[in-house]
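Work through the exercises below with the sequence and the model open. Each task is followed by a solution in steps.

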Amino acid sequence: MTKMDITEYFQLVFTDYTLRTITLGTAILGAVTGMLGSFAVLRKQSLLGDAISHAALPGIAIAFLITGAKDTNTLLLGALVSGLIGTFWIRGIVKKTHLKSDTALGLILSLFFGFGMLLLTFIQKQPNANQAGLDKYLFGQAATLVESDVWLMAIVTGLCLLVLLLFWKEFKLLLFDADYTKTLGFNTKFIDILITSFIVLAIVLGLQTVGVVLMSAMLLAPAAAARQWTNSLATMVFLAAIFGAFSGVFGTAISASQTNLSTGPVIVLVASVFVFFSFVFSPSRGLLFKQIRLIRNRRDLELHKTLAFMHNIAETHDDISHPHAIKLLNNFQGYTRKTLQKLVEKDYVELQANMWSLTKTGFETAANLYTKQTTEDE
Amino acid sequence: MDKKIAVKVDDLTVAYNYKPVLWDIDLEIPEGVLMAIVGPNGAGKSTLIKSILGILNPIAGSVAIYGKPYKKQRQLVAYVPQKGSVDWDFPTTALDVVMMGTYGSLGWIKRPRQKEKKAALEALEKVGMLAFKSRQISQLSGGQQQRIFLARALVQNASIYFMDEPFQGVDATTEIAIINILKELRKAGKTVIVVHHDLQTVPEYFDWVTFLNVKKIATGPVKDIFNDDNLTKTYGINYKVSIQE
């Protein structure tokens, strides 16, 4: 693609056929992987996507060896078959052996990827002019998307949405508490296979655009970002779809407006920006606001401690507003000139020269500090 | 005994890999008892419950709920899993978790409606958690999470309740609240089966007890069989509880 301005891109996206196709494709792909990724993340199967995408590689190579053609749909069908085989092997290994699921995932991932690479190099050494370009499935090449690919993605996404809406309650139940789901009479195996199959399908559809190596980021990044903003499953899935779609659009826009920027990696980087932003700036779970809350709480505590200390001293006198030297506070850590100033602002304390005295409100506030908790427990 | 048998287990044997976890268990639980299952760690207490509920597949044996196979009697049974068995950071609210108790009677695809929501709110009130209905579940204390699990089972309106260590990691207030609810269930004629760890409270809380250590050691009324002899047989050491005091 030639170099253009990013605003130029947004004008062209509605008129230019190729650009529109690629943008639509990456947006739909981002939405469907974001949606399904939420389920993978919540099931603590974050690495499943990585294993599936790597497991799909030998399928692509074998499909090419059998048909000798580079038809996308044929190759993706091969990817689907070997992706599914890999997935069910993982399930089998976890079920039948003592191995933990991360071990099973790693094992299948490297085994299938190794085999796929072997086949790929074998194919490349063959005297056949047709074999070039098969390695685009490693890192993806969005520019090869055509309208029929986008239609396929749209159909799968539509189907996925329909299934999600129909079995929403069952999915949620299984994600939260699989054993309990069983006791209620639901066939957990069916629900599990249904959702896993859709994850495999979405990953396979993304191979052409993002590639084997980076595909799992499409699954994880939007979901991880979405989790930071909400405590509702429905909102999380919705947000993940939105983040995924935007990653697709912005990624395509950025890579289209520069020369020599491959689309797949840019999409993944944009998705990572969403993750970074969410981890820092989310109001309830973000690092920034957590830190701010922490500092604010500490300051409040310092204030309360100083006030309580003053209260203790004042109690030894008949007159609660008996003036005391500031020096008295010096051996106490909570005291700083700032906290004292704040207490004056709140009208809890009066300062005169180097003497402080508690006001009536200050005395009462101090007496009632942290007694609420104890009365609640009684 | 002329009382109806709520749960009947015959020759139940369960194994993980090669080693049997439960060996040849025969058990009859009469209707309307509040029963504790006690035994050391690894005795198979949770496994027994999970096998009865069909979560685990036994190698041999059968389970009957009121004389019929479990699969046909599912709606009579409710389950409270161990609190630690789920991820409490899951994005959902207390009310939503309790609503899950209605999913079984709803069946596939059907969504919960006003009627189900009302039942869930009532259950939340029963366990004293109504004020927390919109709270994200990770922001609940351990005791509150346990109450939520109890409420979810109550919504099922079952006849038999299986609970896996409902008193684990809860404070005294919650423990008393839970046991009061269990006693109320018994009063209403329900059967309650509880995996329990605190031997001191067995005589106070329960009227029926099963001693388990891979094999069934004894089962029956607390006042008849909760003695040093059975405790020693179950725990392998010379056990003395002064239950008379």
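**Exercise 1: Nonpolar cores**

In this predicted model, the largest nonpolar core has 164 residues, and Val7(B), Phe162(B) and Leu182(B) touch the most other members.

Task: List the residues that Val7(B) touches, not counting residues up to four places away in sequence.

Solution.
- Step 1. Leave out the residues up to four places away from Val7(B) in sequence.
- Step 2. The contacts of Val7(B) are then Leu27(B), Glu28(B), Ile29(B), Ile52(B), Ala64(B), Ile65(B), Ile160(B), Phe162(B) and Ile193(B).
- Step 3. A second core, separate from this one, has 16 residues, including Leu307(A), Ile313(A), Phe363(A) and Leu369(A).

**Exercise 2: Helix H2 of chain A**

Task: Describe helix H2 of chain A, residues 17-42, from its N-terminal end onward.

Solution.
- Step 1. At the N-terminal end, Asp16(A) acts as the cap of H2(A), with a side-chain oxygen 3.3 Å from the backbone nitrogen of Thr18(A).
- Step 2. From first C-alpha to last, the 26 residues of H2(A) reach 38 Å, close to the 38 Å expected at 1.5 Å a residue.
- Step 3. At Leu36(A), H2(A) bends by about 25°.
- Step 4. Of the 26 residues in H2(A), 21 are buried, and the helix is mostly covered.
- Step 5. Lys44(A), just after H2(A), has a positive phi of about 60°.

**Exercise 3: Two polar residues in helices of chain A**

Task: Is Thr23(A) buried or exposed, and is His54(A) buried or exposed?

Solution.
- Step 1. Thr23(A) belongs to helix H2 of chain A, and His54(A) to helix H3 of chain A, residues 48-67.
- Step 2. The cut-off for buried is under 20% relative accessible area.
- Step 3. Thr23(A) counts as buried because its relative accessibility is 9%. His54(A) counts as buried because its relative accessibility is 8%.
- Step 4. Not counting residues up to four places away in sequence, Thr23(A) touches Tyr9(A), Val13(A), Val249(A) and Thr252(A).
- Step 5. With that exclusion applied again, His54(A) touches Leu109(A), Phe112(A), Phe113(A), Val212(A) and Val213(A).

**Exercise 4: Loop residues**

Task: Place Asn260(A), Tyr66(B) and Gly128(B) in their loops, then classify each by accessibility.

Solution.
- Step 1. Asn260(A) sits in the loop of chain A between helix H12 (233-257) and helix H13 (263-281). Exposed means over 50%, so Asn260(A), with a relative accessible area of 78%, is exposed.
- Step 2. Tyr66(B) sits in the loop of chain B between strand E4 (60-65) and strand E5 (68-69). Its relative accessible area is 21%, so Tyr66(B) is partly exposed.
- Step 3. Most residues other than glycine have a negative phi. Asn260(A), not a glycine, has a positive phi of about 60°. Tyr66(B), also not a glycine, has a positive phi near 45°.
- Step 4. Gly128(B) lies in the loop of chain B between helix H4 (114-126) and helix H5 (142-155). At 47% relative accessibility, Gly128(B) is partly exposed.
- Step 5. Gly128(B) and Asp171(B) are 43 residues apart along the chain, and 15 Å separate their C-alpha atoms.

**Exercise 5: Domains of chain A**

Task: What are the domains of chain A, and what distance separates their centres?

Solution.
- Step 1. Chain A is divided into domain 1, residues 6-284, and domain 2, residues 289-377.
- Step 2. Taken over C-alpha atoms, the centres of domain 1 and domain 2 of chain A are separated by 58 Å.

Methods
Residues are numbered from 1 along each chain as its sequence is written. Chains are lettered from A and ligands numbered from 1 in the order in which they are written. This is a predicted model: local features need pLDDT of at least 70, side-chain atom pairs count only at pLDDT 80 or more; totals for chains, interfaces and linings use all residues. Side-chain values use heavy atoms; hydrogens and water are left out. A nonpolar core is a set of buried Ala, Val, Leu, Ile, Met, Phe, Trp, Tyr and Cys residues joined through side-chain atoms within 4.5 Å. Buried means under 20% relative accessible area, exposed over 50%, partly exposed in between (1.4 Å probe, protein chains only). Contact means heavy atoms within 4.5 Å. Helices (H or I, at least four residues) and strands (E, at least two) are DSSP runs, numbered from the N terminus. The expected span of a helix is 1.5 Å times one less than its number of residues. The bend at a residue is the angle between axes fitted to the seven residues ending there and the seven starting there. A polar contact is a pair of N or O atoms within 3.5 Å; within protein, one must be able to donate a hydrogen and the other to accept it, and residues adjacent in sequence count only if both atoms are side-chain atoms. Domain bounds come from an automatic or database domain assignment.
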